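Me: I would like to learn how to read this structure feature by feature. Could you take me through it?

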Amino acid sequence: MSGSAKRSVLAGLRWTSLRLRLLIVFALVALTAAVSASGIAYWLNREAVLTRTQDTALGDFRRQMQNRAAALPLEPGSEDLRDTAEQMAHSGPGYHVLLIGSRDGKPVTASSDLDAFTKADVPASLQKQVNKKQPLTSANTFEYHLFWQRTTLGNTPYLVAGTKIIGGGPAGYMLKSLDQEREDLSSLAWSLGIATALALVGSALLAQAAATTVLRPVQRLGDAARKLGEGKLDTRLVVSGTDELADLSHTFNKAASSLEKKVADMSAREESSRRFVADMSHELRTPLTAITAVAEVLEDEADSLDPMIAPAVHLVVSETRRLNDLVENLMEVTRFDAGTARLVLDTVDVADQVTACIDARAWLDAVDLDAERGIMVRLDPRRLDVILANLIGNALKHGGSPVRVSVRTDEDELVIEVRDHGPGIPEDVLPHVFDRFYKASASRPRSEGSGLGLSIAVENAHIHGGDITASNLPDGQGAVFVLRLPRDAEGLTGAPGSDDPDRDEKGGSK
């Protein structure tokens, strides 16, 4: 058997499987029924066999006592008792006889076989009952009765019975071996045991057949549901029959069709929205470029303008730059959503890269850098710059100086921590810091940030095969963002080139 076949069998018989539970239930039901039937049959046959043997032996013994023992003289000798006991034993259905009389006031005992049956073999309780004179009543006209009991002598079962002749005659005892009956009952027990085992095996085979009949459609349904979960929305089941499983398959097909239609509609709407945002962003770039150029000219001439007009010029310049950053961020988001973002890898020194990011934004006085030179990694420098710009800018804006940036390696990972000394991130905000357009304060809807900075940062981390986590330091000592990237992202590189390698993306803060 191959390894895959063995795994399939083990998987089909794991403790939680329905197949195994069906087998166990069928086996328990069959075992209970077979054991109950066998037990009842054994008990009924045992009683029938023992009762038949017992009645035959007791009936013959009673007649022998009436015909032979009763004919003895009142005070028989030992020879008379022995002859009578032998005659009774030879005439009976295979039992031994013991006769006890009295002569001259002394007990006289004789047995048909002294080696097989003596007075010591008769239970004392039986002797007491046999010798006890019963009171005469209207319902009882005899002073002495026939008593019997089953006993074991030397691991052999016996029937012992005794009675006494009315009018002063001898007492007689019978010893009947039940060994043959025990062997017959043992054979019967073995037969019933074999029948029980065969019933158990048969029930297991029936359970397997029933489980296969029931579970094969269920397994097909499970496989179809698994494919549906993997995105194969065109998966359908073949409906056959008119039972409940067929109804279930029909219901699954209807649900799958409905799901496929809804997903297609949602995908179409999402694609339309994504295309709209991308087209809008591209269309805005041309007028924004012109407006930005004019705004820069106005900013250069602001000092020579009327003092009443200068604030308006500064406001226009600021909002133009903010709108330009928002358009750039929206275009970057649409690239991630469309799956067109690509890595352009280069081998860089992390310390130089972080220093360049901080220097380009004039943050050298507000940021403490702890990074050793010589940590070489292979990644996309532009996207790393975007990540660092967003994390450090966010820390400076919302956390406060000094911001500490530390760089280290952890096996095959590059770890960059950005820590601030602000009040930290509120616990209800912490799970949402990387959500798009999420702002912690609803009372400040027009903040400088677009609400996209950290979401773009985490998307750039993901495209490298890394991640960013946010947490608070203990005792309100500030917040810390931890960036983890593989030291070599070569295996994650997409198509050669980048989506827009010439674009200078400065990033933003959230």
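What follows is a tutorial dialogue on strands, helices, cores and turns.

Me: What should I know about the model before starting?

Reply: This is a predicted model, in which local features need pLDDT of at least 70, side-chain atom pairs count only at pLDDT 80 or more, and totals for chains, interfaces and linings use all residues. Residues are numbered from 1 along each chain as its sequence is written, and side-chain values use heavy atoms, with hydrogens and water left out.

Me: How are helices and strands assigned, and which strands form the open sheet?

Reply: Helices (H or I, at least four residues) and strands (E, at least two) are DSSP runs, numbered from the N terminus. Two strands pair if DSSP finds at least two bridges between them. Here five strands make an open sheet, ordered S7-S9-S10-S12-S11, with mixed pairing. S7 (367–370) and S11 are the edge strands; each has a single partner strand, so one side of each lacks a neighbour in the sheet. From one strand to the next, the twist averages 15 degrees.

Me: Which residue of S12 is the bridge partner of Glu 413?

Reply: Pro 486 is that partner. S10 and S12 are antiparallel and share seven bridges.

Me: How do I describe a helix packed on a sheet?

Reply: Look at contacts, then angles. Contact means heavy atoms within 4.5 Å. Axes are lines fitted to C-alpha atoms, for helices over the stretch in contact, and angles run from 0 to 180 degrees between N-to-C directions. H8 packs on the sheet and touches S7, S9 and S10. The direction of H8 makes about 175 degrees with that of S7. H9 lies across S7, S9, S10, S11 and S12. The angle between H9 and S12 is about 170 degrees.

Me: Which residues touch the most other members of the largest nonpolar core?

Reply: Start with the terms. Buried means under 20% relative accessible area, exposed over 50%, and partly exposed in between (1.4 Å probe, protein chains only). A nonpolar core is a set of buried Ala, Val, Leu, Ile, Met, Phe, Trp, Tyr and Cys residues joined through side-chain atoms within 4.5 Å. The largest core has 38 residues, and Ile 416, Ile 468 and Leu 483 touch the most other members. Elements giving two or more residues to this core include H8 (350–360), H9 (381–399), S10 (413–419) and S12 (479–486). H9 supplies the largest share, seven residues.

Me: What does Leu 483 touch?

Reply: Not counting residues up to four places away in sequence, its contacts include Leu 384, Ile 387, Leu 391, Ile 416 and Ile 468. There is also a second, separate core of 21 residues; Phe 61, Ala 85, Val 97 and Met 174 are among them.

Me: How do I read a hairpin?

Reply: Find the paired strands, then the turn. S3 (residues 147–153) and S4 pair in the antiparallel sense over seven bridges. Thr 151 has Tyr 158 of S4 as its bridge partner. Two residues separate S3 and S4 in this hairpin, and Gly 154 in the turn has a positive phi of about 60 degrees. S4 also forms a hairpin with S5, with six residues between them. Strand S4 (residues 156–164) has eight of its nine residues buried.

Me: What about positive phi outside glycine?

Reply: Most residues other than glycine have a negative phi, and most peptide bonds are trans. Asn 155 is an example to inspect: its phi is positive, about 65 degrees, although it is not a glycine. Asn 155 sits in the loop between S3 and S4 and is exposed, with a relative accessible area of 66%. Glu 411 has a positive phi near 60 degrees. Glu 411 lies in the loop between S9 and S10 and is exposed at 71% relative accessible area.

Me: Why do the buried residues of H4 line one face of the helix?

Reply: An α-helix has 3.6 residues a turn, so residues three or four places apart point the same way. In H4 (residues 124–131), Leu 126, Gln 127 and Val 130 are buried. Seen down the axis of H4, the buried residues fall within an arc of 100 degrees (taken from the directions from the helix axis to the C-beta atoms), so they line one face. Ala 124 and Lys 128, on the other side of H4, are exposed. The cover over the buried residues of H4 includes S3, S4 and S5.
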